[in-house]
Amino acid sequence: MASSSVSSCLLLLLCLAAVASAQLSPTFYDSSCPNALSTIKSAVNAAVQKENRMGASLLRLHFHDCFVQGCDASVLLADNAATGFTGEQGAAPNAGSLRGFDVIANIKAQVEAVCKQTVSCADILAVAARDSVVALGGPSWTVPLGRRDSTTASLSLANSDLPPPFFNLGQLITAFGNKGFTATEMATLSGAHTIGQAQCKNFRDHIYNDTNINQGFASSLKANCPRPTGSGDGNLAPLDTTTPYSFDNAYYSNLLSQKGLLHSDQELFNGGSTDNTVRNFASNSAAFSSAFAAAMVKMGNLSPLTGSQGQIRLTCSTVN
C-alpha cells in the first residue's frame, strides 16, 4: 500500500508538472526572443497609423481564430488546392470579410528576422490584438504567451461556432457559453464593435425589418445599403457611428439610443438580461475597459496548443 501511495504521489506530481509546463506565461519570450513584443508593437502601430480600420481587423482575426479550434492561428492557414488543404478563411463568417493577413505576414517576417522560428503566429495574433486596441485609445492588458501553431483548421467549426449577426440574445449567450463565457463577458467582448465596420448584407435585415432601431439611424444607412439582396452587399458602415476609430464605450451608449448596427448588437439592449451591463458600461468607461481587458485574457486562453503540441510556423499561412 505504501509503495502504491508513493507511486500515486509521484504520478500526480509528474502530472502537475506537465500541466504547469503547459501554462502560458507573459515572460515566455523574455530569454528566447526579448525583442518580440516591441517588434510586434511597432509593426501594429505602423499598420494602424497607415489605416485606422486595420486595428479592428487585427482584433477580429484573433477573435475568429480563438472561437474555432482555440487560439492556434488556424484562421491564418490558406487553402491549398495542390495539397487538398481547406482552411477556415472560406467559412461564411470569414469569406470576404476577414482582412489583415498581409499585416500579420509582415509582422511574422519582422519577428523571424530577429528570432528564427521562435515566436508563434498564434502569439503574434494575441499580441497584435492587444496592441491594436491600445493604438486606438483602448485599455492594455498583459498577454500570456507560449501558444503554438496548429497544423489543422476546421471549416465546419468556423461555420458553426462563430456567432452570426442575426443571432438573438439567447443564441449569443449559448454560443459564448459554449466557449466558457458568461452572459456579461459576452456583452463585454461585443464591445469590440466600438471599432470596425460591417457589410450591408450583415445589417440589411436590421435596418429594414427590425423595429428596435432608431428610425433616423436606419434611414441614414439605407442610401448605402439598398433593400434588394445582392445590391450593395459589400458596402460598409461603422459599427460605432459615434467614434468609429476610437476604442471607447460609445458602442454601449449607441445601444441605449437603439443605434446598434447589427441585429445581434441591439439584442444586448432589448429588454433582456444584459440590459444592465450595457447601462453600466455606457455610463462607466473604466468599468468597460477593465472588464474588456479581463475578458480578452480569458479569450486568449481558449484551448491553446502548448509544450510540444503543434509547431512554430515559418510563415503563418502554411504549415511547415
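In this predicted model, F292 is buried, with a relative accessibility of 0%. F288 sits at 1% relative accessible area and is buried as well. Both residues belong to helix α14, and because they are four residues apart there, about one helical turn separates them. An α-helix has 3.6 residues a turn, so residues three or four places apart point the same way. The two rings do meet: the centres of F288 and F292 are 5.7 Å apart with the planes at 50°, so this is a tilted pair. An angle of 50° is neither under 30 degrees, the limit for stacked, nor over 60, the limit for edge-to-face, which means that tilted is what remains.

F288 and F292 are also part of something wider, since one aromatic cluster takes in W141, F247, Y251, Y252, F281, F288 and F292. Across the model, the count of aromatic pairs comes to 15. Another of these pairs is F28 with Y29, which is edge-to-face, with 5.0 Å between the centres and 90° between the planes. Its two members are not equally covered: Y29 is buried at 4% relative accessibility, while F28, at 42%, is partly exposed.

Back on helix α14 (residues 285-300), there is a packing partner to describe, helix α3 (residues 53-66). Two packed helices are described by the angle between their axes and the distance between the axes. For α3 and α14 the angle is about 45° and the axes are 10 Å apart. That angle makes α3 oblique to α14. On the α3 side, the contact is built from L59, H62, F63 and C66, and α14 brings F292, M296, M299 and G300. Six of the contact residues are nonpolar and two are polar, with no charged residue at all. F292 thus turns up in two settings, the aromatic cluster and the contact with α3.

F63 of α3 leads on to L162, which is in contact with F63, H64, F67, V68, P93, N94 and L157, once neighbours within four places in sequence are set aside. L162 lies in the loop between α6 (155-161) and α7 (169-177), and at 3% relative accessible area this loop residue is buried. The C-alpha atoms of L162 and F67 are 6.4 Å apart, although the two positions lie 95 residues apart in sequence terms. F67 has a charged visitor too: K179 lies over the face of its ring, at 5.7 Å from the ring centre.

Y252, one of the cluster members, gives a route to helix α8. A187 lies in that helix (residues 183-189) and is buried, at 0% relative accessibility. Leaving out residues up to four places away in sequence, A187 touches Y252, L268, T274 and T277. On a longer scale, 32 Å separates the C-alpha atoms of A187 and T39, which are 148 residues apart along the chain.

Helix α9 (residues 200-209) has its own set of buried residues, namely C200, F203, R204, H206, I207 and Y208. An arginine is on that list alongside residues such as F203 and I207. What do the buried residues of α9 pack against? Their partners are β1 (197-199), α10 (215-222), β2 (236-238) and α12 (263-266).

The loops hold a few backbone oddities. A73 has a positive phi of about 65° without being a glycine. A73 belongs to the loop between α3 and α4 (101-114), and it is buried at 0% relative accessibility. Q258, not a glycine either, has a positive phi of about 60°. Its loop is the one between α11 (250-256) and α12, and with a relative accessible area of 31% Q258 is partly exposed.

The loop between α3 and α4 also contains A82. Is A82 buried or exposed? At 77% relative accessible area, A82 is exposed, whereas A73 in that loop is buried. A82 and S32 are 50 residues apart along the chain, and their C-alpha atoms are 35 Å apart.

Methods. Residues numbered from 1 in each chain as written. Predicted model: local features only at pLDDT ≥ 70, side-chain atom pairs only at ≥ 80, totals over all residues. Heavy atoms only, no water. Axes fitted to C-alpha atoms, helices over the stretch in contact; angles between N-to-C directions. Helix = DSSP H or I, 4+ residues; strand = E, 2+ residues; numbered from the N terminus. Parallel < 35°, antiparallel > 145°, perpendicular 65-115°, else oblique. Contact = heavy atoms within 4.5 Å. Nonpolar A, V, L, I, M, F, W, Y, C, P; charged D, E, K, R; others polar. Phe/Tyr/Trp six-rings, centres within 6.5 Å; stacked < 30°, edge-to-face > 60°. Buried < 20%, exposed > 50% of the residue type's maximum accessible area, 1.4 Å probe, protein only. Lys NZ or Arg CZ within 6 Å of the ring centre and 35° of its normal.
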